[in-house]
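Here is a structure to read before the questions begin. Have a look at the sequence and the model.

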2 protein chains.
Amino acid sequence: MAEVARLAQVSTATVSRVFNEPAKVSDSIQQRVREAAAALHWIPNAAGRALASRRSHIAGAIIPTLDNEIFARQISGMQAVFAENGFTLLLGCSNYDPAEGLNQVQAMLAQGIEVLALVGENYPPQAFDLLRQRGIPYVLTYGFRHDSPHPCIGFDNRAAFRQIADYIVSLGHKRIAAIFQPVDANDRVVARLEGLREGLAAGGVTLRATDLHIGPSSMDFGAESLRRIMASKTRPTAIICGNDNLALGAISAALDLGFDIPNDLSITGFDDLAIVSRIAPQLTTMRVDNLEIGRLAGQQLVQAAGGGVPVQSHELRADLRLRATTSPPRSAAGATAAAGDGNDADDHKPRHQQPRAGIRTQRVEHDLQEDKKQRRAP
Amino acid sequence: MAEVARLAQVSTATVSRVFNEPAKVSDSIQQRVREAAAALHWIPNAAGRALASRRSHIAGAIIPTLDNEIFARQISGMQAVFAENGFTLLLGCSNYDPAEGLNQVQAMLAQGIEVLALVGENYPPQAFDLLRQRGIPYVLTYGFRHDSPHPCIGFDNRAAFRQIADYIVSLGHKRIAAIFQPVDANDRVVARLEGLREGLAAGGVTLRATDLHIGPSSMDFGAESLRRIMASKTRPTAIICGNDNLALGAISAALDLGFDIPNDLSITGFDDLAIVSRIAPQLTTMRVDNLEIGRLAGQQLVQAAGGGVPVQSHELRADLRLRATTSPPRSAAGATAAAGDGNDADDHKPRHQQPRAGIRTQRVEHDLQEDKKQRRAP
DNA sequence: CTGAAAGCGCTTACAG
DNA sequence: CTGAAAGCGCTTACAG
């Protein structure tokens, strides 16, 4: 910077102003300085700048994992907003581990982040203490609770699953099972289960302990759980899954066993992953605009940076997308296996002619929004 | 820091040493300093540290987009390695725009990144000039070329598609079409097309201009292209797609039209996305270990940081995964439509009884590696 | 509109 | 093993 100043025959103060408060510098000098900077390929040093101005222009974001379309999308939206506003994004992954999350928070604080976005509430209290202590604006994304002590931008997981439960109950299902991802250190999943139980209870349905399967959020666990569920004496007529991955696995296993979806069995997911509306049977699920969550979080944080407006919570809607995997149970009474011999766990013979059934993508009328913007890859 | 020093009754130099060169400080003083730091919730300020030490401990990574499983995975691997080594990750997306890529490079340079990972070569030369000028170690990821002027960690796109072409030709296909993503500002796609043409030429097959469809990397474009291709007078018996997304679209459209895959038509993809081995017909495609690319890049850069070892190139293999969407053409002569009336673009009647066919996921023997580590979401 | 100078929070020779 | 002090590259009152 000193060299630039020398070349342009001005002081370093003037060089600084040209790039930070150009209105305060005359045009002729501005030009001279810009030319000098260009000639020397000078790029201001952020460390010096941060130290002097007490502003780092660094924003932090911590998510559980990038191996998930929904979080990647949030980051995508956030990154765009930050980039537009001169912020760079420091990214951290907690891998669903609160302790690792705290580490990331500390590392980011040390790096001088001005603001921070975090997915969910599952961090040690110390993490939030540190943020408050330093006056770092932060926002929790993805989940939203009216009674949250933190500003949050997302949707109400509990209400969303209450809605799914209400819908399934309204269809006439009496016997319902669930396949969920792990609940530990995951406030969102806990809320989903609460909403689910609440909705079922309101409809006079109980979720029995043996009908709730909890495990890895993979298609394989979804499939395995479905096989176990359908091998029981009294089969459910509907299965509510904690997310789309689990639902995809469950569907494929169900079709494999020869069940007719949705007539024999209704299945729901959550997330509306890109693939699920392009596969037959198209999955009934809920959609959350994660790109928008990321954008809103970014905007709020940019505004809050440097002591601006405080961060405001925003509640987004989760939209139920009714598609082809749900319907009323076959008989009004509920076509449970109990109506049959009921004791035959091997009653898995295909009911259709297909030698091997499974989920199938279809050319169907689906929401085309995703394809409007030209996607390119890789 | 001054307060910590005062509380511990030492100089700031000693406080600094406790955290950076603990071996040089006596145990008793170390303890005093650590206690004081803890009591004051002190976290060293990275800007001051970076300014004084000339080391920022910030690593940069620029990818085209996070909306893609493969890049997200690379970042995931890289982030883990960086975190283990005390580096924080600054993430940028170029959206496949070289100019935006240069912006990101400049912003990151200003932030003081010590090292940088970039996907591909499509950046203005100035970007690389800046990096060399400042002696910032960098590495290109994903693509690999033996004759690249830059260190790179990835696979040979050209060789990979040469392999696909060779395989398809070896099956006996004579008439082959292709559906690809845009080639502009994408060296990897260019290389793929070269490899494809090379392989076809070696097998005496020409890729005619009308048989090459280039457009958005979406399922929809894949489907649309397939319909166009199969409406032509002389239909191909095989279609090579630039990636899995396009292939998924093509398959769904083909099944929809009643074609039997692979007997009527072989289709290949690239990427081995999580879903494609769980869908029927399972896609023949190629797999690249993107997590490993990210990890290797991270390791190389960590070692190169602060004037360590220079970054070394690494070539990874792309593995052909032969699955259910490829086979020899139905007849030895190649069952092109030319053998039929040939002039009927409406010859799209379903040949099977399925009212609506499509891709289907299946419970099948597939590579379970992905599921070994418990995945959790959301 | 411009400049001289203090200072942001650390690290690091240098001296002891 | 420890400390005094210079300095990293900027910004920002303050003065003119």
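What follows is a short exchange about a predicted model.

Student: Which part of DNA strand D supplies 70% of its atoms within 4 Å of the protein?
Tutor: The atoms of DNA strand D within 4 Å of the protein fall into two groups. Bases account for the rest, once the 70% is set aside. That 70% belongs to sugar or phosphate.

Student: Which residue has a side-chain N or O atom 2.6 Å from a phosphate oxygen of DNA strand D?
Tutor: Chain B has a similar entry to set aside, since a polar side-chain atom of B:S26 lies 2.8 Å from a phosphate oxygen of the strand. For B:L51, a polar backbone atom is 3.4 Å from a base oxygen. The side chain with an N or O atom at 2.6 Å from a phosphate oxygen is that of A:N20.

Student: How many of the residues of the surface near DNA strand D are nonpolar?
Tutor: There are 28 residues around DNA strand D. Of the residues of this surface, nine are polar and five charged. The nonpolar ones number 14.

Student: Why is α10(A) called oblique to α11(A)?
Tutor: Helix α10 (residues 219-230) of chain A and helix α11 (residues 244-256) of chain A have axes 6 Å apart. They pack at an angle of about 50°. An angle between 35 and 65 degrees is not roughly parallel, roughly antiparallel or roughly perpendicular, so it counts as oblique. The reason is therefore the packing angle of α10(A) and α11(A), about 50°.

Notes:
Residues numbered from 1 in each chain as written. Chains lettered and ligands numbered in written order. Predicted model: local features only at pLDDT ≥ 70, side-chain atom pairs only at ≥ 80, totals over all residues. Heavy atoms only, no water. Near = heavy atom within 4 Å. Polar contact = N/O pair within 3.5 Å; in protein donor to acceptor, adjacent residues only side chain to side chain. Nonpolar A, V, L, I, M, F, W, Y, C, P; charged D, E, K, R; others polar. Axes fitted to C-alpha atoms, helices over the stretch in contact; angles between N-to-C directions. Helix = DSSP H or I, 4+ residues; strand = E, 2+ residues; numbered from the N terminus. Parallel < 35°, antiparallel > 145°, perpendicular 65-115°, else oblique.
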